[in-house]
Amino acid sequence: MKRILVTGSAGMLGKAVCKSLEALDHEIIQLTREKVDLRDSEATFSFFSSKKPDLVVHCAALVGGIAANMFSGSKYFLENIQLDSSVLYAARKLLVEELIYIGSSCSIVTG
C-alpha cells in the first residue's frame, strides 16, 4: 500500500484525483491550504516529513481566468513558483520516489 499525498485536495482537480485514488487500496493524504500554506517551505517540509509519502500528486495552484491573469499575472506566477518550489524541495529532500506535477496556465496574446 502506498502513501499518496495530494496537494490542493479541496480544489476541483484535487477532489477528482482523490476520488479516483480512493478506488485503489492506498492511503490518501489530503493536503489543503487550511492545513499548510505551501508558500512556506519550512511548513511544507515539516508536513511532508510527518506524513512520509511514497507518491506526491501536486494539484495545488493559485488559478484564475484569462482576465485575472491579464491584470494580476505576476501575482499568479510568483505564488505558483513559491508553491511549486516548496513542494519539489520537500519531495526531493525526503527522497519521495514518485511525483506527479500538474501545471496550469493561461496565455494572453496582445498586439
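# Exercises on a predicted fold

Lys 52 has a relative accessibility of 58%, so Lys 52 counts as exposed. The model is predicted. Work through the exercises with the structure in view.

## Exercise 1: Lys 52

Find where Lys 52 lies, and state what is notable about its phi angle.

**Solution.**
- Step 1. Locate the residue. Lys 52 sits in the loop between H2 and S3.
- Step 2. Read its backbone angle. Phi of Lys 52 is positive, about 50 degrees.
- Step 3. Check the residue type. Lys 52 is not a glycine, yet it has this positive phi.

## Exercise 2: Leu 95

In which loop is Leu 95 placed, and is Leu 95 buried or exposed?

**Solution.**
- Step 1. Leu 95 belongs to the loop between helix H3 (66–93) and strand S4 (98–101).
- Step 2. Its phi is near 60 degrees, a positive value in a residue other than glycine.
- Step 3. Apply the cut-off: exposed means over 50% relative accessible area. Leu 95 has 70%, so Leu 95 is exposed.

## Exercise 3: The whole chain

Describe the secondary structure of the protein chain, then its compactness.

**Solution.**
- Step 1. Count the elements. The protein chain has three helices and four strands.
- Step 2. Put them in order. Along the sequence, the pattern reads β-α-β-α-β-α-β.
- Step 3. Compare with the globule rule. The radius of gyration is 15 Å, and the rule gives 13 Å for 111 residues. The two values are close, so the chain is as compact as a globular protein of that length.
- Step 4. Add the dimensions. The C-alpha trace spans about 50 × 30 × 25 Å along its principal axes.
- Step 5. Add the burial. Of the 111 residues, 32% count as buried.
- Step 6. Look at the contacts. Take those between residues at least 6 apart in sequence: 66% of them join residues at least 24 apart.

## Exercise 4: Surface and charge

What share of the accessible surface belongs to carbon and sulfur atoms, and how many positive and negative side chains are there?

**Solution.**
- Step 1. The accessible surface of the protein chain is about 7,200 Å². Carbon and sulfur atoms account for 55% of that area.
- Step 2. The chain carries 12 positive and 12 negative side chains.
- Step 3. The centres of these two sets lie 2 Å apart.

## Exercise 5: The two sides of H1

Which residues of helix H1 (residues 12–22) are buried, and what do they pack against?

**Solution.**
- Step 1. The buried residues are Gly 14, Val 17, Cys 18 and Leu 21.
- Step 2. Look down the axis. These residues fall within an arc of 100 degrees, so they line one face of H1.
- Step 3. Turn to the other side of H1. Met 12, Lys 15, Lys 19 and Ser 20 are exposed there.
- Step 4. Find the packing partners. The buried residues of H1 pack against strand S1 (3–7), strand S2 (27–31) and S3.

## Exercise 6: The two sides of H2

Sort the named residues of helix H2 (residues 41–51) into buried and exposed.

**Solution.**
- Step 1. Thr 44, Phe 47 and Phe 48 are buried.
- Step 2. Their arc around the axis is only 95 degrees, which puts them on the same side of H2.
- Step 3. Glu 42 and Ser 50 are exposed, on the face turned away from the buried side.

## Exercise 7: Two loop residues, Pro 53 and Ser 9

Decide whether Pro 53 and Ser 9 are buried or exposed, then list their contacts.

**Solution.**
- Step 1. Recall the cut-off: buried means under 20% relative accessible area.
- Step 2. Pro 53 has 8% relative accessibility, so Pro 53 counts as buried. Ser 9 has 4%, so Ser 9 counts as buried.
- Step 3. Place them. Pro 53 lies in the loop between H2 and strand S3 (55–58). Ser 9 lies in the loop between S1 and H1.
- Step 4. Leave aside neighbours within four places in sequence. Pro 53 then contacts Arg 3, Leu 5, Phe 48 and Val 96.
- Step 5. Do likewise for Ser 9, not counting residues up to four places away. Ser 9 touches Gly 14, Lys 15, Cys 18, Gln 30, Leu 31 and Thr 32.
- Step 6. Set sequence beside space. Pro 53 and Leu 99 are 46 residues apart in sequence, and their C-alpha atoms are 9.9 Å apart.

How values were computed: Residues are numbered from 1 along each chain as its sequence is written. This is a predicted model: local features need pLDDT of at least 70, side-chain atom pairs count only at pLDDT 80 or more; totals for chains, interfaces and linings use all residues. Side-chain values use heavy atoms; hydrogens and water are left out. The radius of gyration is taken over C-alpha atoms; the globule rule is 2.2 Å times the number of residues to the power 0.38. Buried means under 20% relative accessible area, exposed over 50%, partly exposed in between (1.4 Å probe, protein chains only). Contact means heavy atoms within 4.5 Å. Accessible areas come from the Shrake-Rupley method with a 1.4 Å probe; for residues, only the protein chains shown count as cover. Lys and Arg count as positive and Asp and Glu as negative; His and the chain ends are not counted. The place of a charge is taken as NZ of Lys, CZ of Arg, CG of Asp or CD of Glu. The arc is that of the directions from the helix axis to the C-beta atoms.
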